[in-house]
Amino acid sequence: MPRRHEVGWSVVYALIIGTCGERPPRRPRGVATLARIAGVNIPTNKRVVIALQYIHGIGPKKAQEIVDQVHIDPARRVSQLSDQEVLQIREMIDRDYVVEGDLRREVAMNIKRLMDLGCYRGLRHRRGLPVRGQRTHTNARTRKGPAKAIAGKKK
């Protein structure tokens, strides 16, 4: 009887070439394994309205609008969509919405424009401080980073 760490050559060979005698399960025809919309792999096991929100620039309201305009039942899952319906969603998003890379680029350009103008909001962006009037005496740790110790502060 082989010890726990001893393995037969057939098992080693099967592991090396990646075959262990079992085949991966076949998927039924007409079921998409992965829906890729606007360069994002959206999760297949979630409802369509929720899965669309994984795309940068699409929130709850826009996701609901898309589902309504394409005439898809909001309760359906992404895995239940046909290739034609995924194509309709993809074409609609490309045509009507600014998402992902284009949106990120647009936001970055707007921030850069504010910084180049030298306006108050641009200065706050440049210094890495809150832009919209929040207090900074306490809090604002997300923008300012971890607190820095000050020597001689304690009495």
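In this predicted model, H71 is placed in the loop between α3 and α4, where helices (H or I, at least four residues) and strands (E, at least two) are DSSP runs numbered from the N terminus. The phi of H71 is positive, about 60°, although H71 is not a glycine. Most residues other than glycine have a negative phi. With a relative accessibility of 71%, H71 counts as exposed, given that exposed means over 50% relative accessible area, buried under 20%, and partly exposed in between (1.4 Å probe, protein chains only). A positive phi near 60° is also found at A140, again a residue other than glycine, and A140 lies in the loop between α6 (120-127) and α7 (141-144). A140, however, is buried, with a relative accessible area of 17%.

Residues are numbered from 1 along each chain as its sequence is written. Because the model is predicted, local features need pLDDT of at least 70 and side-chain atom pairs count only at pLDDT 80 or more, whereas totals for chains, interfaces and linings use all residues, and side-chain values use heavy atoms, with hydrogens and water left out.

The protein chain contains 7 helices and 2 strands, which follow one another along the sequence in the pattern α-β-β-α-α-α-α-α-α. Of its 155 residues, 25% count as buried. The accessible surface of the protein chain, obtained by the Shrake-Rupley method with a 1.4 Å probe, with only the protein chains shown counting as cover for residues, comes to about 12400 Å², and 54% of this surface belongs to carbon and sulfur atoms. Among the contacts (heavy atoms within 4.5 Å) with a separation of 6 or more, 45% are accounted for by residues 24 or more positions apart.

The largest nonpolar core, a term for a set of buried Ala, Val, Leu, Ile, Met, Phe, Trp, Tyr and Cys residues joined through side-chain atoms within 4.5 Å, has 23 residues, of which L52, I55, I66, I89 and I93 touch the most other members. Two or more residues are given to this core by each of β1, β2 (40-42), α2, α3 and α4. I89 touches I37, V48, L52, I66, V70, I72 and L81, when residues up to four places away in sequence are not counted.

Helix α4 (residues 83-96) has 14 residues, which should span 20 Å at 1.5 Å a residue, and its end C-alpha atoms are 20 Å apart, in agreement with that value; the expected span is 1.5 Å times one less than the number of residues. The buried residues of α4 are E85, V86, I89, M92 and I93. They cover an arc of only 130° around the axis and therefore lie on the same side of α4, the arc being that of the directions from the helix axis to the C-beta atoms. These buried residues pack against β1 (35-37), α2 (48-52) and α3 (60-70), while the face of α4 turned away from the buried side carries the exposed residues D83, Q84, D94 and R95.

Within helix α3, V67 and D68 are in contrasting surroundings. V67 counts as buried, at 1% relative accessibility, whereas D68 counts as partly exposed, at 45%. The C-alpha atoms of V67 and V48, which are 19 residues apart along the chain, are separated by 7.6 Å, and those of D68 and V49, likewise 19 residues apart, are separated by 9.9 Å. Leaving aside neighbours within four places in sequence, V67 is in contact with V48, V49, L52, I72, D73 and P74.

Helix α5 has 18 residues and reaches 26 Å from its first C-alpha to its last, close to the 26 Å expected at 1.5 Å a residue. In α5, E100, L103 and L114 are buried. They cover an arc of only 85° around the axis, which puts them on the same side of α5. The buried residues of α5 pack against β2 and α6, and the exposed residues R105, M109, D116 and L117 are carried on the face turned away from the buried side. E100, placed in α5 (residues 100-117), counts as buried at 15% relative accessibility. A polar atom of the E100 side chain lies 2.7 Å from the backbone nitrogen of H56. Not counting residues up to four places away in sequence, E100 touches A38, V40, Y54, I55 and H56. After α5 comes G118, whose phi is positive, near 80°.

Key
A polar contact is a pair of N or O atoms within 3.5 Å; within protein, one must be able to donate a hydrogen and the other to accept it, and residues adjacent in sequence count only if both atoms are side-chain atoms.
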